[in-house]
Amino acid sequence: MLPAQVEALSARICENIIRSRLFESAHVLYAYYPLGNEADVRPVVLEAWQRGKRVAFPKVFGEEMRFFEVSGFEELSAGAFGVMEPPEEHPVDWRRGQSALVLTPGVAFDRGVNRMGFGKGYYDRHFSGLHDCVLLGVAYDLQVVDRLPTEEFDVKLPRLVTEEKLFICNEIPGGFPK
């Protein structure tokens with residue numbers, strides 16, 4: 001996609017997130033810094049900070065991913081593969097009981113609530129068994145396909161936001177619409 005397309009579609013995705021009850025009710029936002037043509041969710045992060053929400057970004061340690069709280073983009077620095085990462089100063093405790101919204105990027109998503117990541121399984125391992133956070137897939141409409149191959153350890157994402165709208169699968173029998 002051209003940079004102008006990424007910018008325009010990302011802005012619509014961000015509007016859909018910010019207007020959602022998922023964002024409104026979250027005390028903590030787990031975000032990602034966009035890489036390449038990933039949807040740019042930085043406006044959502046800025047809005048979260050303006051509303052006094054805690055914001056955390058991921059950092060990879062071998063096969064493990066952990067999140068650390070930051071209060072500004074200037075705290076992030078380039079890590080492995082050029083991914084912007086937080087310093088290790090403020091680890092986030094996942095079991096604090098505060099409502100959390102996790103913006104989850106991916107290569108593709110399917111209408112049956114499956115996600116294809118970049119192949120290392122970081123998000124799947126990290127979020128397996130965590131029921132106190134809301135996972136929200138973030139994608140362009142063109143990344144949503146009818147069916148993806150899955151494996152038993154893949155974590156399903158029953159919520160997906162695109163430039164068109166926010167879909168919540170349990171409100172849509174049979175998965176996300178075409």
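Which residue stands opposite R115 in β8? It is F109. Keep that pair in mind. One caution before going on: this is a predicted model.

Let's start with the sheet. It is open, and it has three strands. The order is β8-β7-β10, and the pairing is mixed. The edge strands are β8, residues 115-116, and β10, residues 144-145. Each of these pairs on one side only. Strand β7 covers residues 108-110. Strands β7 and β8 run in the antiparallel sense, and two bridges join them.

Now to the cavities. How many of 30 Å³ or more does the structure hold? There are two. I'll take the second largest, with a volume of about 40 Å³. R115 turns up again here, as one of the lining residues. The others in the lining are T104, Y123, D124, F127, L135, V155 and L157. By class, five lining residues are nonpolar, one is polar and two are charged. Which element gives the most to this lining? That is helix α4, residues 122-127, with three residues.

Last stop: P91. This residue lies in the loop between β5, residues 84-85, and β6, residues 100-104. Is P91 buried or exposed? The relative accessible area of P91 is 57%, over the 50% cut-off, so P91 counts as exposed. What does P91 touch, leaving aside neighbours within four places in sequence? P91 is in contact with F67 and F68. There is also A56, 35 residues away from P91 along the chain. The C-alpha atoms of P91 and A56 are separated by 8.5 Å.

Terms used
Residues are numbered from 1 along each chain as its sequence is written. This is a predicted model: local features need pLDDT of at least 70, side-chain atom pairs count only at pLDDT 80 or more; totals for chains, interfaces and linings use all residues. Side-chain values use heavy atoms; hydrogens and water are left out. Two strands pair if DSSP finds at least two bridges between them. Helices (H or I, at least four residues) and strands (E, at least two) are DSSP runs, numbered from the N terminus. On a 1 Å grid over the protein atoms alone, a cavity is a set of points where a 1.4 Å probe fits but cannot get out, and a pocket is an open set with protein on both sides within 12 Å along at least five of seven lines; lining residues have an atom within 4 Å of a point. Grid points are joined across faces, edges and corners, and a volume is the space filled by probe spheres set on the points. Ala, Val, Leu, Ile, Met, Phe, Trp, Tyr, Cys and Pro count as nonpolar, Asp, Glu, Lys and Arg as charged, and the others, Gly among them, as polar. Buried means under 20% relative accessible area, exposed over 50%, partly exposed in between (1.4 Å probe, protein chains only). Contact means heavy atoms within 4.5 Å.
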